[in-house]
Amino acid sequence: MDGSSTSSSTTATTPTPSRSKRAVTPSSHYADYDGGDDAEDDNFEDASSSSSTTPKKRRQITDAEKVFKCEEPGCGKSYASKSGLSVHIRKHREDTERVQTAKHAAEEKVARDARRAQWAELGSKNFPALLDMMEGMHAKIDALAQQEKKVEQDLEKKKTADKASAVSDAEKLRKLVPKTLGTQMVYTNSGLKYKSKNVSADFPCSADTFQALMAPLGAGAARRELSNDDFLAVFTHEPTKSLRYGGQLQLNFPVKISLTSAHTLHVASSYSMC
């Protein structure tokens with residue numbers, strides 16, 4: 001019983017062997033890296049690869065081992081690895097770009113300030129003249145507006161006058177067309193007996209006059225065939241002529257009426273004796 005207790009006591013107090021851990025230090029962690037921003041100061045390398053807990057010793061890299069040289073003018077630094085030189089060259093490039101950006105910004109600011117100063121000087125010298133020019137422009141704009149208004153008024157007056165003239169000309173044609181046709185019926189008759197003979201007449205007529213003439217029939221067309229009722233609606237009367245020996249000349253229907261491109265009203269039909 002005492003022996004068992006002694007054994008258990010011995011077992012409980014026996015320490016467990018601890019696992020040796022490798023101490024991680026900056027020198028051991030980056031022992032194989034010779035690049036970076038501080039690569040030019042990395043002149044040492046590890047002397048042993050032992051897994052002991054003591055920090056690794058680094059041996060100094062000689063100048064003969066630094067075969068990768070920076071070709072940047074005025075630099076003269078060299079490195080033992082290509083990666084260290086690459087990091088160094090990238091730093092050169094970033095510094096150059098930063099300097100160029102700052103230089104470009106400074107030049108832009110100088111140019112901008114110069115333009116502002118020039119504009120301020122021009123404005124102070126030419127402001128009165130600019131005001132006079134703007135006033136002159138406003139006066140010209142007002143004059144043009146008045147002139148445009150006058151042109152519109154003149155056009156409106158002309159339209160009104162043309163419309164009144166067209167109505168007046170249409171009223172003249174209402175009387176003139178039947179009279180002219182009746183006169184032609186008499187002068188062209190030479191013993192006509194129960195036979196028809198053609199008759200036609202042309203009259204000066206504008207498009208507005210033609211529309212006013214055909215207004216009693218609605219929207220006037222460029223060409224129409226007028227029946228008896230249409231003819232009496234457009235014109236004042238139907239042309240009929242009585243002869244001395246008892247005969248009578250009468251217009252035959254339909255009557256063709258059209259407006260030519262030469263602003264001429266053409267009326268054509270025929271007549272017979274009854």
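# Close-up views of the predicted model

**View 1. Thr-240 faces Gln-250, which belongs to β8.** The model shown in these views is predicted. Strands β7 and β8 run antiparallel. Three bridges join the two strands. β7 covers residues 240–242, and β8 covers residues 248–259.

**View 2. Glu-238 sits in the loop between α5 and β7.** The helix before this loop, α5, covers residues 228–234. Is Glu-238 buried or exposed? Its relative accessible area is 17%, under the 20% cut-off, so Glu-238 counts as buried. Which residues does Glu-238 touch, beyond its neighbours within four places in sequence? The contacts are Asn-228, Phe-231, Leu-232, Gln-250, Leu-251 and Phe-253. One of these, Gln-250, is the residue opposite Thr-240. Another, Leu-251, stands opposite Tyr-271 in β9.

**View 3. A cis peptide bond links Phe-253 to Pro-254.** Omega of this bond is near 5°. Pro-254 has its place in strand β8. Phe-253, on the other side of the bond, is among the contacts of Glu-238.

**View 4. β8 and β9 form a hairpin with four residues between the strands.** The two strands run antiparallel, joined by eight bridges. Leu-251 and Tyr-271 of β9 stand opposite each other. β9 covers residues 264–273. Two residues of the connecting loop, Ser-261 and His-263, are described in the next two views.

**View 5. His-263 takes a positive phi in the loop between β8 and β9.** What is the value of phi at His-263? Phi is near 55°, and His-263 is a residue other than glycine. His-263 has 47% relative accessibility, which means that it counts as partly exposed.

**View 6. Ser-261 lies exposed in the loop between β8 and β9.** Its relative accessibility is 78%, over the 50% cut-off, so Ser-261 counts as exposed. How far is the C-alpha atom of Ser-261 from that of Ala-207? The separation is 9.4 Å. Along the chain, these residues are 54 apart.

**View 7. Strand β5 pairs with β9.** β5 covers residues 196–204. Nine bridges join β5 to β9, and the strands run antiparallel. Ser-200 has Ala-268 of β9 as its bridge partner. How many of the ten residues of β9 are buried? Seven are, and the strand is mostly covered. β9 is bridged to β5 and also to β8.

**View 8. Helix α3 bends at Asn-126.** The bend is about 60°. A proline, Pro-128, follows within four residues. α3 covers residues 82–187. What distance separates the end C-alpha atoms of this helix? The span is only 124 Å, whereas a straight helix of 106 residues would span 158 Å at 1.5 Å a residue.

**View 9. Cysteines appear without disulfides.** The structure holds zero disulfides. For Cys-75, the nearest cysteine sulfur is that of Cys-70, 3.7 Å away. That distance is beyond the 2.5 Å cut-off, so the pair does not count as a disulfide. Cys-75 has 24% relative accessibility, so Cys-75 counts as partly exposed. Cys-205 has 4% relative accessibility, so Cys-205 counts as buried.

**View 10. The whole protein gives the setting for the close-ups, with five helices and nine strands.** From the N terminus on, the order of elements is α-α-β-β-β-β-α-β-α-β-α-β-β-β. The protein has 274 residues, and 22% of them count as buried. About 20000 Å² is exposed, with 55% supplied by carbon and sulfur atoms. Among contacts between residues at least 6 apart in sequence, 54% join residues at least 24 apart.

Note on methods. Residues numbered from 1 in each chain as written. Predicted model: local features only at pLDDT ≥ 70, side-chain atom pairs only at ≥ 80, totals over all residues. Heavy atoms only, no water. Expected span 1.5 Å × (residues − 1). Bend = angle between axes of the 7 residues up to and from the residue. Buried < 20%, exposed > 50% of the residue type's maximum accessible area, 1.4 Å probe, protein only. Contact = heavy atoms within 4.5 Å. Areas by Shrake-Rupley, 256 points an atom, 1.4 Å probe, with all protein chains shown as cover. Pairing = 2+ DSSP bridges.
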